[in-house]
Amino acid sequence: MSDIALVENIGEYEGKTVTVQGWVADKTDKGKLQFLRVRDGTGVIQATLFQKTAPVEAFELAKRIPQESSVRVTGEVRKEPRAPGGFELSVTDMQAVQLARDEYPITPKEHGIEFLMHNRHLWLRSSRQHAILRIRATIIKAIRDYLDNNGFMLLDTPILTPAAVEGTTTLFQTDFYGEPAFLTQSGQLYNEANAMAFGKVYCFGPTFRAEKSKTRRHLSEFWMVEPEWAFGTLDDYMRVAEGMVSYIAQTVLELRKTELQVLERDTSLLEKVAAPFPRISYDDAVKIIREKGDPNFKWGDDFGAPDETLISEQFDRPVFVHHYPTEMKAFYMAPDPDRPEVCLSADLLAPEGYGEIIGGGQRSADLEYLEAQLVKHNLPREPYEWYLDLRKYGSVPHCGFGLGIERTVAWICKLDHVRETIPFARMMDKMYP
Ligand code: 4AD
Ligand code: MG
């Protein structure tokens with residue numbers, strides 16, 4: 001038997017006979033010539049069968065094989081500029097592993113989004129989804145590499161938790177041996193404990209929010225990477241975050257050219273994503289909105305999606321908005337010592353209308369302030385007792401941030417909606433498949 005080759009590396013086998021194992025994505029019947037497009041998970045290759053030269057059984061099989069049947073195709077690798085990918089397999093043998101039993105639901109024609117999401121388990125096989133999810137994997141690896149190479153240590157935080165991190169309105173409640181428990185909204189509070197023990201840490205895992213609205217950027221289950229470090233300040237956070245986001249963009253540009261082409265992504269905009277990123281205060285962001293959007297925008301209100309778009313349109317790369325009103329943000333944010341009505345927080349807004357992809361800031365290191373904040377935010381003290389301990393035993397200034405993977409993928413790939421950025425999206429109206 002000939003060597004098994006991956007389509008991704010097929011160029012290395014030019015002139016040799018190899019076997020590709022995969023699925024028939026599509027085919028064209030030209031009578032004496034059969035073209036199959038065979039997909040193996042790493043790419044798609046054209047397999048060509050001539051009636052004159054291919055074995056009779058293989059040729060007959062190619063003629064009648066249903067879409068998405070699984071196959072082993074053997075042939076010589078040839079340069080073929082007209083074939084997608086630049087190479088084709090000139091087939092000398094072919095076997096079906098399984099003939100698809102029914103007509104494949106996703107045909108090459110256009111389908112509506114409802115139908116495609118209902119068939120997500122099959123839709124994942126399409127070239128567009130393939131490109132998006134390979135970029136997702138590359139983004140995740142770039143993040144891990146960046147943090148690992150910059151002295152951050154990966155430490156996992158729990159998913160079942162007794163307390164809220166980001167407000168109580170989006171908690172998913174579950175039962176923990178008869179006690180109420182919540183699916184984590186963020187690993188941050190545990191990260192803070194880890195940072196006091198290990199210095200520079202990060203967690204990376206699924207996080208959950210019962211978002212009661214259907215928007216193009218909210219999922220009920222999403223993945224977040226959260227670095228946290230002792231002795232870090234608001235400025236330190238912005239420096240690490242802009243370094244990481246620039247590294248993500250540059251890595252995808254370098255390693256995922258083909259996928260960006262499949263998505264028809266304008267890469268000139270991604271090329272501009274390099275540190276330093278502009279920084280503007282919440283106050284200045286409000287001025288922009290009043291000038292160019294809503295003249296009555298009230299200081300202290302949160303930005304809506306159109307406001308974020310307006311702000312980010314003023315810049316050619318991601319922009320930090322810092323010093324948000326303290327009232328607007330989570331209980332743990334450190335107030336600015338010179339102006340306590342604003343806090344040492346910042347969000348990173350992505351360009352091209354993608355809005356917030358990172359939230360973070362400097363945490364309050366002050367025990368009494370945090371005790372008062374728990375009361376103010378109507379949070380019970382008991383589940384946070386351990387968190388308050390961190391301010392009793394060697395409390396230090398520290399900072400951290402959370403980057404949402406799906407929103408980052410949506411921006412890098414320029415997608416309309418986050419539902420395509422994760423293999424199986426969970427949203428308010430979506431639990432199947
Ligand atoms: O701004 P958020 O709520 O910040 C935190 O959770 C902090 N505790 C993080 C930290 O400092 N360690 O969420 C952070 C990011 C957002 O900027 C966004 O990218 C993403 O998480 N995010 C969501 N992504 C998809 N669907 C949702 N429902 C999301 N909610 C937040
Ligand atoms: Mg936020």
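The exercises below work through a predicted model, each with a solution in steps.

Residues are numbered from 1 along each chain as its sequence is written, while chains are lettered from A and ligands numbered from 1 in the order in which they are written. Because the model is predicted, local features need pLDDT of at least 70 and side-chain atom pairs count only at pLDDT 80 or more, whereas totals for chains, interfaces and linings use all residues; side-chain values use heavy atoms, with hydrogens and water left out.

**Exercise 1. The surroundings of ligand 1**

Find how many residues surround ligand 1, and determine which elements give two or more residues to its shell.

Step 1. A residue counts as near a molecule or strand if one of its heavy atoms lies within 4 Å of it. There are 23 residues around ligand 1, and the closest are Glu166, Gln188, Arg209, Glu226 and Glu356.

Step 2. Next come the polar contacts, that is, pairs of N or O atoms within 3.5 Å, where within protein one atom must be able to donate a hydrogen and the other to accept it, and residues adjacent in sequence count only if both atoms are side-chain atoms. An oxygen atom of ligand 1 is 2.8 Å from an N or O atom in the side chain of Arg209, and a nitrogen atom of ligand 1 is 3.0 Å from an N or O atom in the side chain of Glu211. With the backbone there is a contact as well, since an oxygen atom of ligand 1 is 3.3 Å from a polar backbone atom of Gly404.

Step 3. On its own, ligand 1 has 630 Å² of accessible area, of which the protein covers 94% (areas come from the Shrake-Rupley method with a 1.4 Å probe, and for residues only the protein chains shown count as cover).

Step 4. Helices (H or I, at least four residues) and strands (E, at least two) are DSSP runs numbered from the N terminus. Two or more shell residues come from each of strand 12 (221–230), strand 18 (355–363) and strand 19 (398–404), and strand 18 supplies the largest share, six residues.

**Exercise 2. The partners of strand 12**

Determine with which strands strand 12 pairs, and over how many bridges.

Step 1. Two strands pair if DSSP finds at least two bridges between them. Strand 11 (residues 200–208) pairs with strand 12 in the antiparallel sense over nine bridges, and within this pairing Phe204 has Val225 of strand 12 as its bridge partner.

Step 2. Strand 12 also pairs with strand 19, again in the antiparallel sense, over five bridges, where Glu228 has Gly400 of strand 19 as its bridge partner.

Step 3. To judge how covered strand 12 is, call a residue buried under 20% relative accessible area, exposed over 50%, and partly exposed in between (1.4 Å probe, protein chains only). Eight of the ten residues of strand 12 are buried, and the strand is thus mostly covered.

**Exercise 3. A small sheet and a surface patch**

Describe the sheet that contains strand 9, and place Phe176 within it.

Step 1. The open sheet has three strands in the order 8-10-9, with antiparallel pairing. Strand 8 (160–161) and strand 9 are the edge strands, each pairing on one side only.

Step 2. Strand 9 and strand 10 (residues 179–183) pair over four bridges, and Thr174 stands opposite Ala181 in strand 10.

Step 3. Phe176 lies in strand 9 (residues 173–176) and is partly exposed, with a relative accessible area of 38%. Together with Leu160 and Tyr177, Phe176 forms a nonpolar patch on the surface, with about 380 Å² of accessible area in total.

**Exercise 4. Salt bridges across the chain**

Explain which parts of the chain the salt bridge between Asp283 and Arg339 links.

Step 1. A salt bridge is a side-chain nitrogen of Lys or Arg within 4 Å of a carboxyl oxygen of Asp or Glu. The side chains of Asp283 and Arg339 meet in this way at 3.0 Å, N to O.

Step 2. Asp283 belongs to helix 9 (residues 282–292) and Arg339 to strand 16, so that the pair links distant parts of the chain, 56 residues apart. Asp283 is partly exposed at 23% relative accessible area, and Arg339 is partly exposed at 30%.

Step 3. Arg339 also takes part in a strand pairing, being the bridge partner of Asp336. Strand 15 (residues 335–336) and strand 16 (residues 339–343) pair in the antiparallel sense over two bridges, and they form a hairpin with two residues between them.

How values were computed. Patch = residues over 30% accessible without salt bridge, like charges linked within 9 Å, V, L, I, M, F, W, Y side chains within 5 Å.
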